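Visitor: I'm new to reading structures like this one. Could you take me slowly through one part of it, and then show me what lies around that part?

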Amino acid sequence: MLEIVNISKNFGGLAALSDISLSVAKGETVGIIGPNGAGKTTAFNIVTGTLPPSAGKVFFNKKDITGLKPSRIVKLGLARTFQNASLYPDCSVHENIFRGTLWKLKRNMFLNLMPPAGEYSSRLDSAHQLVADIMETLELESYRDVLANELPYGIQKKVGVAIGLATSPEILLMDEPAAGLNSKESREFGRLINRIKAHYGLTVLLVEHHIALVREISSKIIVISQGKVIATGTPEQVLNDARVIESYLGGGGWHAEG
């Protein structure tokens, strides 16, 4: 479903990524781990169109998406959540999630002068139904009318995921979903990821420092260190790899909570 081929990214004289390749198959949950500054988020930024690569290609469902705008990539079915939930602080939870559906509701100038009717009305109804389903699945119904800036941090993270789901993605990229959560909250978030993956038939790619979470939910783990892929395999294979142990334990690079 997603393939990164020989991607490199340079910032001036600094190589943030050096000729990395990786793939994600439909239905997988793939975790990317690595020490701070390894290049994990840079890889996410390239896949989602926030940054152009210095070299290499990104393919989604066999389509070359290298350098496309983030808005176009979202429409193709690839959504991203952020380490710090990117919410509209003065809007309610429902309004925040509904904004994720808006790209599907755009009409031309002539139609915008008319009341909702026909196909647009049907799309509007579908969007409201999707938002309701997402709120139920993520157990956000009790927060429906609460402003985003009044939410507990853990709930803000859930709303960030909900907005991503509202774009109707085929694959969801999650950038440190457990950042700032304690061990119990991290485990609960892992169960949430499994639940939404099963409910919506998603493929998931996540960057995460909490190894317990990655080990629990991932079918495959990819390790990036100093801008290069140093290991790929099952959680058991990767977490017992001598290069990975040296990279982390030698540099104190991971959190092993839980």
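Visitor: In which sense do strand S4 (residues 55-60) and S5 pair, and over how many bridges?

Guide: Happy to help! Please keep in mind that this is a predicted model. S4 and S5 run antiparallel to each other and are paired over two bridges. You can find one of the partners yourself: look for Phe60, whose bridge partner in S5 is Lys63. S4 is also a good place to start for another reason: among the elements of the protein, S4 has the highest mean pLDDT, at 97.

Now step back to the sheet around this pair. Four strands make an open sheet in the order S2-S1-S4-S5, and their pairing is antiparallel. Strand S2 (14-24) and strand S5 (63-64) are the edge strands, each pairing on one side only. Across S1 (2-11), S2 and S4 lies helix H1 (residues 40-47), which runs at about 115 degrees to S1.

Let's pick out one residue of the sheet, Asn10, which sits in strand S1. Its relative accessibility is 38%, so Asn10 counts as partly exposed. Leaving out residues up to four places away in sequence, Asn10 touches Ala15 and Ser54. Asn10 and Ala55 are 45 residues apart along the chain, yet their C-alpha atoms are separated by 9.1 Å. The protein has many links between distant parts of the chain: of its contacts between residues at least 6 apart in sequence, 68% join residues at least 24 apart.

Next, travel to another element, helix H6 (residues 153-166). With 14 residues at 1.5 Å a residue, H6 should span 20 Å, and its end C-alpha atoms are indeed 20 Å apart, which agrees. Is H6 enclosed or open? Eleven of its 14 residues are buried, so H6 is largely enclosed by the rest of the structure. The buried ones include Ile155, Val159, Ile163 and Leu165, and Lys157 and Lys158 are buried too. Just after H6, look for Ser168, which takes a positive phi of about 60 degrees.

H6 also leads us to the largest nonpolar core. That core has 34 residues, and Ile97, Leu138 and Val159 touch the most other members. Several elements supply at least two residues each, among them helix H3 (93-99), helix H5 (118-137), strand S7 (171-175) and helix H7 (183-200). H6 gives the most to this core, with seven residues. To see one core member in its surroundings, follow Val159: setting aside residues up to four places away in sequence, Val159 touches Leu87, Val93, Asn96, Ile97, Leu140 and Leu151. Apart from the largest core lies another one, of 27 residues, among them Ile4, Ile7, Val207 and Ile222.

Finally, here is the whole protein in a few numbers. There are ten helices and ten strands, and buried residues make up 49% of the 258 residues. The average pLDDT is 87, and 89% of the residues score at least 70. Not every part scores like S4, though: helix H4 (residues 109-112) has the lowest mean pLDDT of the elements, at 48. Over residues 251-258, pLDDT stays under 50, and there the model has 21 contacts beyond four places in sequence.

Conventions:
Residues numbered from 1 in each chain as written. Predicted model: local features only at pLDDT ≥ 70, side-chain atom pairs only at ≥ 80, totals over all residues. Heavy atoms only, no water. Expected span 1.5 Å × (residues − 1). Buried < 20%, exposed > 50% of the residue type's maximum accessible area, 1.4 Å probe, protein only. Pairing = 2+ DSSP bridges. Contact = heavy atoms within 4.5 Å. Axes fitted to C-alpha atoms, helices over the stretch in contact; angles between N-to-C directions. Core = buried A, V, L, I, M, F, W, Y, C linked by side-chain atoms within 4.5 Å. pLDDT = per-residue confidence, 0-100.
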